[in-house]
Amino acid sequence: MPGSGQDTLVKYETPVLVSTGATLKRRTSGAPAAPASPTKGLGQSRKLPPVEGKPQLSQTEDILNQILPPREWSEEGQFWVQRVSPSPATRLDVINLQEALDAKLKERQARETGIDPIRQELYGQAFDEIIRQVTVNCAERGLLLLRVRDEMRMTLAAYQTLYESSIAFGMRKALQGEQGKADLEVKVSQLEHDQLELERQVSEMRVRMEQMEKR
(Lines give C-alpha, C1' and ligand atoms only; values in the text may rest on other atoms or scores of the structure.)
Protein backbone atom coordinates (compact mmCIF):
# COMPACT_ATOMS: atom_id res chain seq x y z
CA MET A 1 0.00 0.00 0.00
CA PRO A 2 1.52 3.34 -0.97
CA GLY A 3 2.32 5.86 1.71
CA SER A 4 1.64 9.04 -0.21
CA GLY A 5 0.80 11.04 2.91
CA GLN A 6 4.30 10.82 4.38
CA ASP A 7 5.62 13.78 2.37
CA THR A 8 3.41 16.33 4.13
CA LEU A 9 2.90 17.54 7.67
CA VAL A 10 -0.88 17.19 7.36
CA LYS A 11 -2.21 14.02 8.98
CA TYR A 12 -4.02 11.79 6.51
CA GLU A 13 -5.88 8.52 6.82
CA THR A 14 -4.72 5.29 5.25
CA PRO A 15 -5.06 5.42 1.43
CA VAL A 16 -8.12 3.65 0.06
CA LEU A 17 -8.07 1.70 -3.20
CA VAL A 18 -10.97 2.97 -5.31
CA SER A 19 -10.53 0.99 -8.51
CA THR A 20 -7.99 -1.00 -10.48
CA GLY A 21 -7.01 -0.97 -14.13
CA ALA A 22 -9.03 -4.12 -14.76
CA THR A 23 -12.15 -2.55 -13.28
CA LEU A 24 -11.75 0.58 -15.39
CA LYS A 25 -11.15 -1.57 -18.47
CA ARG A 26 -14.35 -3.53 -17.87
CA ARG A 27 -16.28 -0.30 -17.46
CA THR A 28 -14.94 1.32 -20.61
CA SER A 29 -14.58 -1.67 -22.94
CA GLY A 30 -17.75 -3.58 -22.12
CA ALA A 31 -20.30 -4.60 -24.72
CA PRO A 32 -22.55 -1.75 -25.87
CA ALA A 33 -25.98 -1.78 -24.34
CA ALA A 34 -29.01 -2.34 -26.53
CA PRO A 35 -30.83 0.86 -27.43
CA ALA A 36 -33.83 1.46 -25.22
CA SER A 37 -37.28 1.81 -26.67
CA PRO A 38 -38.54 5.40 -26.71
CA THR A 39 -41.79 4.30 -25.04
CA LYS A 40 -40.27 1.88 -22.57
CA GLY A 41 -40.56 2.97 -18.97
CA LEU A 42 -43.19 5.65 -19.55
CA GLY A 43 -45.71 5.72 -16.76
CA GLN A 44 -43.50 3.52 -14.59
CA SER A 45 -41.78 4.71 -11.43
CA ARG A 46 -38.00 4.79 -11.66
CA LYS A 47 -36.07 3.31 -8.75
CA LEU A 48 -32.85 4.91 -7.63
CA PRO A 49 -29.85 2.66 -6.91
CA PRO A 50 -29.38 1.70 -3.28
CA VAL A 51 -27.09 3.91 -1.23
CA GLU A 52 -26.37 1.53 1.66
CA GLY A 53 -22.90 0.85 0.29
CA LYS A 54 -21.94 4.51 0.13
CA PRO A 55 -20.14 5.70 3.28
CA GLN A 56 -21.97 8.56 4.98
CA LEU A 57 -19.64 11.37 6.03
CA SER A 58 -20.24 13.40 9.14
CA GLN A 59 -20.51 17.16 9.00
CA THR A 60 -17.00 17.56 10.38
CA GLU A 61 -15.53 15.18 7.80
CA ASP A 62 -17.40 16.99 5.03
CA ILE A 63 -15.99 20.34 6.18
CA LEU A 64 -12.51 18.82 6.41
CA ASN A 65 -12.78 17.52 2.86
CA GLN A 66 -13.79 21.00 1.68
CA ILE A 67 -10.91 22.68 3.51
CA LEU A 68 -8.34 20.02 2.60
CA PRO A 69 -9.56 18.08 -0.45
CA PRO A 70 -8.73 14.36 -0.62
CA ARG A 71 -5.56 13.37 -2.40
CA GLU A 72 -5.98 11.25 -5.53
CA TRP A 73 -3.33 9.48 -7.57
CA SER A 74 -2.77 6.48 -9.80
CA GLU A 75 -0.04 3.93 -9.22
CA GLU A 76 0.56 0.75 -11.23
CA GLY A 77 -2.92 0.83 -12.75
CA GLN A 78 -4.62 1.40 -9.38
CA PHE A 79 -6.53 4.53 -8.36
CA TRP A 80 -6.07 5.60 -4.73
CA VAL A 81 -7.84 8.19 -2.59
CA GLN A 82 -6.59 9.51 0.72
CA ARG A 83 -8.62 11.78 2.99
CA VAL A 84 -7.49 13.92 5.87
CA SER A 85 -7.77 12.33 9.28
CA PRO A 86 -10.85 13.29 11.33
CA SER A 87 -9.29 12.08 14.57
CA PRO A 88 -8.78 14.69 17.32
CA ALA A 89 -5.26 15.82 18.11
CA THR A 90 -3.63 15.36 21.48
CA ARG A 91 -0.89 17.38 23.13
CA LEU A 92 1.61 14.78 21.91
CA ASP A 93 0.42 15.28 18.33
CA VAL A 94 1.13 19.01 18.57
CA ILE A 95 4.61 18.34 19.95
CA ASN A 96 5.27 15.83 17.16
CA LEU A 97 4.09 18.37 14.60
CA GLN A 98 6.54 20.95 15.90
CA GLU A 99 9.40 18.44 15.89
CA ALA A 100 8.51 17.25 12.38
CA LEU A 101 8.41 20.86 11.14
CA ASP A 102 11.87 21.59 12.58
CA ALA A 103 13.24 18.34 11.14
CA LYS A 104 11.91 19.05 7.64
CA LEU A 105 13.22 22.63 7.74
CA LYS A 106 16.66 21.28 8.55
CA GLU A 107 16.43 18.36 6.11
CA ARG A 108 15.41 20.53 3.15
CA GLN A 109 17.88 23.28 4.15
CA ALA A 110 15.30 26.05 4.32
CA ARG A 111 16.64 29.56 4.85
CA GLU A 112 15.80 31.23 8.16
CA THR A 113 15.36 34.72 6.69
CA GLY A 114 14.24 36.26 3.44
CA ILE A 115 11.83 34.86 0.88
CA ASP A 116 12.22 31.09 0.77
CA PRO A 117 9.63 28.89 -1.04
CA ILE A 118 10.70 25.80 0.92
CA ARG A 119 10.12 27.44 4.29
CA GLN A 120 6.84 28.91 3.03
CA GLU A 121 5.64 25.48 1.86
CA LEU A 122 6.50 23.73 5.14
CA TYR A 123 4.92 26.39 7.33
CA GLY A 124 1.83 26.24 5.07
CA GLN A 125 1.60 22.50 5.68
CA ALA A 126 1.96 23.01 9.43
CA PHE A 127 -0.78 25.65 9.40
CA ASP A 128 -3.06 23.31 7.41
CA GLU A 129 -2.50 20.61 10.03
CA ILE A 130 -3.37 23.10 12.79
CA ILE A 131 -6.54 24.00 10.89
CA ARG A 132 -7.38 20.29 10.68
CA GLN A 133 -6.86 19.81 14.41
CA VAL A 134 -8.97 22.85 15.27
CA THR A 135 -11.75 21.92 12.82
CA VAL A 136 -12.16 18.49 14.40
CA ASN A 137 -12.92 20.12 17.76
CA CYS A 138 -14.82 23.16 16.44
CA ALA A 139 -15.80 23.43 12.80
CA GLU A 140 -16.63 27.14 13.02
CA ARG A 141 -13.23 27.97 14.46
CA GLY A 142 -11.58 25.93 11.73
CA LEU A 143 -13.49 27.80 9.00
CA LEU A 144 -12.40 31.10 10.55
CA LEU A 145 -8.79 29.95 10.51
CA LEU A 146 -9.29 28.99 6.86
CA ARG A 147 -10.30 32.59 6.09
CA VAL A 148 -7.21 33.83 7.91
CA ARG A 149 -5.01 31.44 5.94
CA ASP A 150 -6.50 32.46 2.58
CA GLU A 151 -6.19 36.17 3.40
CA MET A 152 -2.59 35.67 4.47
CA ARG A 153 -1.79 33.84 1.22
CA MET A 154 -3.42 36.56 -0.88
CA THR A 155 -1.50 39.27 0.97
CA LEU A 156 1.75 37.37 0.55
CA ALA A 157 1.04 36.84 -3.16
CA ALA A 158 0.36 40.57 -3.55
CA TYR A 159 3.65 41.46 -1.83
CA GLN A 160 5.50 38.94 -3.99
CA THR A 161 3.98 40.40 -7.15
CA LEU A 162 4.93 43.90 -5.99
CA TYR A 163 8.46 42.72 -5.22
CA GLU A 164 8.86 41.12 -8.66
CA SER A 165 7.46 44.24 -10.34
CA SER A 166 9.88 46.47 -8.43
CA ILE A 167 12.81 44.27 -9.49
CA ALA A 168 11.71 44.41 -13.13
CA PHE A 169 11.29 48.20 -12.88
CA GLY A 170 14.74 48.56 -11.34
CA MET A 171 16.31 46.45 -14.08
CA ARG A 172 14.63 48.52 -16.78
CA LYS A 173 15.85 51.73 -15.15
CA ALA A 174 19.37 50.31 -14.86
CA LEU A 175 19.39 49.36 -18.55
CA GLN A 176 18.07 52.79 -19.48
CA GLY A 177 20.76 54.37 -17.32
CA GLU A 178 23.49 52.31 -19.00
CA GLN A 179 22.17 53.26 -22.42
CA GLY A 180 21.95 56.93 -21.44
CA LYS A 181 25.45 56.78 -20.01
CA ALA A 182 26.82 55.49 -23.34
CA ASP A 183 25.02 58.26 -25.21
CA LEU A 184 26.43 60.88 -22.83
CA GLU A 185 29.94 59.50 -23.25
CA VAL A 186 29.62 59.83 -27.05
CA LYS A 187 28.33 63.37 -26.63
CA VAL A 188 31.19 64.30 -24.28
CA SER A 189 33.71 62.91 -26.74
CA GLN A 190 32.16 64.95 -29.55
CA LEU A 191 32.20 68.11 -27.42
CA GLU A 192 35.85 67.57 -26.52
CA HIS A 193 36.66 67.21 -30.21
CA ASP A 194 34.75 70.41 -30.97
CA GLN A 195 36.62 72.18 -28.17
CA LEU A 196 40.00 71.19 -29.60
CA GLU A 197 38.90 72.37 -33.01
CA LEU A 198 37.79 75.73 -31.63
CA GLU A 199 41.03 76.14 -29.69
CA ARG A 200 42.96 75.45 -32.89
CA GLN A 201 40.95 78.10 -34.71
CA VAL A 202 41.56 80.59 -31.88
CA SER A 203 45.29 79.95 -32.08
CA GLU A 204 45.30 80.52 -35.82
CA MET A 205 43.38 83.77 -35.44
CA ARG A 206 45.84 85.00 -32.80
CA VAL A 207 48.75 84.29 -35.09
CA ARG A 208 47.09 86.24 -37.88
CA MET A 209 46.36 89.15 -35.56
CA GLU A 210 49.99 89.26 -34.43
CA GLN A 211 51.17 89.24 -38.05
CA MET A 212 48.77 92.07 -38.93
CA GLU A 213 50.00 94.16 -35.98
CA LYS A 214 53.63 93.75 -37.04
CA ARG A 215 52.83 95.16 -40.41
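Me: What gives the most to the lining of the second largest pocket?
Reply: Helix 4 does, with 5 residues. This is a predicted model, by the way. Helix 4 (117–137) and helix 5 (139–214) are the elements that give two or more residues to that lining.

Me: What makes a residue such as Y123 part of the lining?
Reply: A lining residue has an atom within 4 Å of a pocket point. Y123 is on the list, along with Q120, E121, G124, F127, R149, M152, R153 and L156, so each of them meets that cut-off.

Me: How much space lies in the second largest pocket?
Reply: About 220 Å³.

Me: How many residues of each class does its lining have?
Reply: There are 4 nonpolar, 2 polar and 3 charged residues. Gly counts as polar, so G124 goes in the polar class.

Me: Why is the set with V10 and L146 called a nonpolar core?
Reply: Because a core is made of buried nonpolar residues joined through side-chain atoms within 4.5 Å, and V10, Y12, I63, L64, I67, L68, V84, I131, V136, A139 and L146 form such a set. With these 11 residues, it's the largest nonpolar core. Helix 2 (59–67), helix 4 and helix 5 each give two or more residues to this core, and helix 2 gives the most, with 3.

Me: Which other core lies apart from it?
Reply: One of 7 residues, including L9, L101, L105 and A110.

Me: What is L68 in contact with, leaving aside neighbours within four places in sequence?
Reply: V10, V84, D128, R132 and R149. Contact means heavy atoms within 4.5 Å, so L68 has heavy atoms within that distance of each of these residues.

Note on methods
Residues are numbered from 1 along each chain as its sequence is written. This is a predicted model: local features need pLDDT of at least 70, side-chain atom pairs count only at pLDDT 80 or more; totals for chains, interfaces and linings use all residues. Side-chain values use heavy atoms; hydrogens and water are left out. On a 1 Å grid over the protein atoms alone, a cavity is a set of points where a 1.4 Å probe fits but cannot get out, and a pocket is an open set with protein on both sides within 12 Å along at least five of seven lines; lining residues have an atom within 4 Å of a point. Grid points are joined across faces, edges and corners, and a volume is the space filled by probe spheres set on the points. Helices (H or I, at least four residues) and strands (E, at least two) are DSSP runs, numbered from the N terminus. Buried means under 20% relative accessible area, exposed over 50%, partly exposed in between (1.4 Å probe, protein chains only).
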